[in-house]
Protein chains: 2
Amino acid sequence: MSPTVERAGNSVATKSGRQRAILDLVRSRTIRTQEELVGALRSRHLDVTQATVSRDIRELGLLRVPAGSGVRYLLPAAEIDAEAARSRLHNALSQHTQGIEFIDLLGIIHAQPGTASLVAVALDNARFEELAGTVAGDDTVLLIARSRPAGQRLLARLRTILEEPA
Amino acid sequence: MSPTVERAGNSVATKSGRQRAILDLVRSRTIRTQEELVGALRSRHLDVTQATVSRDIRELGLLRVPAGSGVRYLLPAAEIDAEAARSRLHNALSQHTQGIEFIDLLGIIHAQPGTASLVAVALDNARFEELAGTVAGDDTVLLIARSRPAGQRLLARLRTILEEPA
DNA sequence: CCGGCGTCTGCATAAATATGCAAGGGCGGC
DNA sequence: GCCGCCCTTGCATATTTATGCAGACGCCGG
């Protein structure tokens with residue numbers, strides 16, 4: 001097999017294109033075995049063997065987890081964690097929060113009495129790189145952004161997360 | 001093999017004892033293959049075969065993840081979370097709490113002034129199935145158990161957590 | 001006391017995954 | 001253009017994991 005037969009640029013017969021396809025497949029449907037993955041890749045015109053898929057899976061760090069009677073592959077822990085943290089943050093924000101504003105580097109979140117530290121923990125876990133840290137009082141969380149624009153980005157991201165249906 | 005050869009109660013040759021040992025091993029050292037796990041169990045005087053370990057791993061939902069050149073087993077995310085929550089609860093209880101008692105379905109935790117909601121949050125996060133919910137005042141947390149026996153179990157579990165070194 | 005049924009386990013083996021090896025191709029230096 | 005080096009892959013196979021089946025045991029219900 002030639003490593004670089006095509007160059008359609010973003011999604012085909014290169015190694016990284018294939019790996020992107022694998023991530024996509026694993027994310028969107030249930031993949032139980034490497035052979036199954038090989039089949040799915042074939043139907044995307046990516047012809048590979050199980051051996052290659054095995055190597056890809058290692059490089060991508062995919063998890064193999066027991067699911068029902070059998071096993072399935074999942075996205076790497078880092079992705080799962082980020083996603084889980086995101087969703088917990090959504091819950092925390094939507095349940096306990098009354099407002100968010102940013103003034104320069106500093107963000108203020110008004111939360112319900114006693115829930116500030118809960119919200120702060122959720123924020124910490126989400127690991128935004130724009131966010132240097134949080135301080136929780138009883139009903140207020142103070143956020144310290146890494147820069148003024150970072151603060152604006154963070155505000156936008158939080159608003160998005162808050163509105164997301166997920 | 002007999003399923004209930006012993007009844008020393010807390011850690012031996014029953015299925016659940018073995019599974020606890022497996023969790024313990026996976027937590028504390030790097031387990032790369034099921035055979036390796038079999039060996040480790042042997043040295044704890046738990047004689048099993050790879051087949052049994054395979055079934056245990058499925059039941060426990062252990063993750064198999066690529067690690068360096070090779071693979072290793074890890075605890076499922078749920079457990080990791082539960083464990084983290086447990087440990088936070090331990091901290092919360094031991095730092096802010098002065099006493100726990102149960103009367104029928106209702107539990108009362110006396111906490112230091114202003115810390116009740118903190119403790120309550122930690123309890124909520126620990127997701128005990130015996131626990132229907134909590135109400136936090138300023139220095140008192142009220143717990144509502146799902147049943148009388150659930151209340152007793154919960155009390156026992158909380159006391160254990162409180163005393164645990166971990 | 002005697003089936004009957006369900007659970008748990010080992011054994012043997014099937015199924016799935018990982019890997020040593022060698023081949024093919026790209027790329028840079030000469 | 002030729003050579004050497006590196007990267008990627010398939011093939012064949014080793015290694016690892018899952019499972020069909022049968023035996024052993026406990027727990028009823030009669």
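Let's start with two helices of chain B: α2(B) and α3(B) are roughly perpendicular to each other, a label for angles of 65 to 115 degrees, with under 35 counting as roughly parallel, over 145 as roughly antiparallel and the rest as oblique. Their axes come within 9 Å and cross at roughly 105°. For the axes, think of lines fitted to C-alpha atoms, for helices over the stretch in contact, with angles from 0 to 180 degrees between N-to-C directions. Helices (H or I, at least four residues) and strands (E, at least two) are DSSP runs, numbered from the N terminus.

Before I go on, this is a predicted model, where local features need pLDDT of at least 70, side-chain atom pairs count only at pLDDT 80 or more, and totals for chains, interfaces and linings use all residues. Residues are numbered from 1 along each chain as its sequence is written, chains are lettered from A and ligands numbered from 1 in the order in which they are written, and side-chain values use heavy atoms, leaving out hydrogens and water.

Back to our helix pair. Which residues of α2(B) and α3(B) meet? From α2(B) we have B:Gln34, B:Glu35, B:Leu37, B:Val38 and B:Leu41, and they meet B:Gln50, B:Val53, B:Ser54 and B:Ile57 of α3(B); contact here means heavy atoms within 4.5 Å. By class, that contact has five nonpolar, three polar and one charged residues. Nonpolar covers Ala, Val, Leu, Ile, Met, Phe, Trp, Tyr, Cys and Pro, charged covers Asp, Glu, Lys and Arg, and the others, Gly among them, are polar.

Now, α3(B) also takes us to the DNA. It gives five residues to the surface near DNA strand D, the largest share. In total, 23 residues surround that strand, and the closest are A:Arg18, A:Thr52, B:Gln34, B:Arg58 and B:Tyr73; near means a heavy atom within 4 Å. So what do the protein residues meet on strand D? Of its atoms within 4 Å of the protein, 67% belong to sugar or phosphate and the rest to bases. For polar contacts, pairs of N or O atoms within 3.5 Å, A:Thr52 has a side-chain N or O atom 2.2 Å from a phosphate oxygen of DNA strand D. A:Thr49 places a polar side-chain atom 3.0 Å from a phosphate oxygen of DNA strand D, while B:Arg55 has one 2.8 Å from a base oxygen of that strand.

On to DNA strand C. Here 22 residues surround the strand, and the closest are A:Gln34, A:Arg55, A:Arg58, B:Arg18 and B:Thr52. Sugar or phosphate accounts for 66% of the DNA strand C atoms within 4 Å of the protein, and bases for the rest. A side-chain N or O atom of B:Arg18 is 2.5 Å from a phosphate oxygen of DNA strand C, and B:Arg55 has a polar side-chain atom 2.8 Å from a base oxygen of DNA strand C. Which element gives the largest share of the surface near DNA strand C? That is α3(A), with five residues.

Last stop, the sheet in chain B. Four strands form an open sheet in the order β3-β4-β6-β5, with antiparallel pairing; strands pair if DSSP finds at least two bridges between them. At the edges are β3 (97–103) and β5 (131–136), each pairing on one side only. Five bridges join β5(B) to β6 (residues 140–145) of chain B, and B:Ala136 has B:Val141 as its bridge partner in β6(B). Finally, helix α5 (residues 116–126) of chain B lies across β3, β4 (106–111), β5 and β6 of chain B, running at about 165° to β5(B).

How values were computed:
A polar contact is a pair of N or O atoms within 3.5 Å; within protein, one must be able to donate a hydrogen and the other to accept it, and residues adjacent in sequence count only if both atoms are side-chain atoms.
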